[in-house]
Amino acid sequence: MKTLYDVQQLLKKFNIYVYVGKRIWDIELMGLELDHLHEAGVLDHDTYMRAKLVLEHEHRIEERREQIKNNGG
């Protein structure tokens, strides 16, 4: 699992489709959904951790993008 798309495909296997309208919010909601799947025992720890790392990486990218946008540059 390497991309946000991979995480979306994983969630899709559980009939979870996330679209809030703002990418950073989508990433945060996907993280919550992963937490719930892991807590329910339907997602193994290795897959959970890899997906969470992807989301953390994407979240940092989005934060930087928003920061640049808000600073006018």
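Visitor: Where is the place of asparagine 15?

Guide: This is a predicted model, and in it asparagine 15 sits in the loop between α1 and α2.

Visitor: Why does asparagine 15 count as exposed?

Guide: Its relative accessibility is 63%. Exposed means over 50%, so asparagine 15 counts as exposed at that value.

Visitor: What makes the phi of asparagine 15 worth a remark?

Guide: Asparagine 15 has a positive phi of about 60 degrees although it is not a glycine. Most residues other than glycine have a negative phi.

Visitor: Which glycine takes a positive phi just after α2, and which just after α3?

Guide: Just after α2 that is glycine 41, with a phi of about 85 degrees. Just after α3 glycine 72 does so, at about 75 degrees.

Visitor: Why does lysine 12 count as partly exposed?

Guide: Lysine 12 belongs to helix α1. Partly exposed lies between the 20% and 50% limits, and lysine 12 has 37% relative accessibility, so it counts as partly exposed.

Visitor: How far apart are lysine 12 and glycine 31, in sequence and in space?

Guide: They are 19 residues apart in sequence and 14 Å apart in space, C-alpha to C-alpha.

Visitor: Why does threonine 47 count as buried?

Guide: Threonine 47 lies in helix α3. Buried means under 20% relative accessible area; threonine 47 has 12%, and therefore counts as buried. Leaving aside neighbours within four places in sequence, threonine 47 is in contact with Met1 and Leu10.

Visitor: Which other residues of α3 are buried, and what covers them?

Guide: Besides Thr47, the buried residues of α3 include Tyr48, Ala51, Val54, Leu55 and His59. Lys52, Glu58 and Glu62 are also among them. The cover includes α1 (4–12) and α2 (23–39).

Visitor: How do you know that the span of α3 is close to the expected one?

Guide: Helix α3, residues 45–70, has 26 residues and reaches 37 Å from its first C-alpha to its last. At 1.5 Å a residue, 38 Å is expected, and the 37 Å is close to that. For α2, with 17 residues, the reach is 24 Å, against an expected 24 Å.

Visitor: What caps the N-terminal end of α3?

Guide: Aspartate 44 does: one of its side-chain oxygens lies 3.2 Å from the backbone nitrogen of aspartate 46. The limit for a polar contact is 3.5 Å.

Visitor: Why are α1 and α2 called oblique to each other?

Guide: Their axes come within 11 Å and cross at roughly 45 degrees. Roughly parallel needs an angle under 35 degrees, and roughly perpendicular starts at 65. The angle fits neither class, nor the antiparallel one over 145 degrees, so α1 and α2 are oblique to each other. The crossing is left-handed. On the α1 side, the contact is made by Leu4, Val7, Gln8, Leu10 and Leu11. On the α2 side, Arg23, Ile27, Met30, Glu33, Leu34 and Leu37 make it.

Visitor: Which residues of α2 are buried, and what covers them?

Guide: The buried residues are Ile24, Asp26, Ile27, Met30, Gly31, Leu34, Asp35 and Leu37. Their cover includes α1 and α3.

Visitor: What makes up the protein chain as a whole?

Guide: The chain has three helices and zero strands, and its elements run α-α-α from the N terminus on. Buried residues make up 33% of the 73 residues. The C-alpha atoms fill a box of roughly 45 × 20 × 20 Å along the principal axes.

Note on methods:
Residues numbered from 1 in each chain as written. Predicted model: local features only at pLDDT ≥ 70, side-chain atom pairs only at ≥ 80, totals over all residues. Heavy atoms only, no water. Helix = DSSP H or I, 4+ residues; strand = E, 2+ residues; numbered from the N terminus. Expected span 1.5 Å × (residues − 1). Buried < 20%, exposed > 50% of the residue type's maximum accessible area, 1.4 Å probe, protein only. Contact = heavy atoms within 4.5 Å. Polar contact = N/O pair within 3.5 Å; in protein donor to acceptor, adjacent residues only side chain to side chain. Axes fitted to C-alpha atoms, helices over the stretch in contact; angles between N-to-C directions. Parallel < 35°, antiparallel > 145°, perpendicular 65-115°, else oblique. Left-handed = near helix turned anticlockwise from the far one by under 90°.
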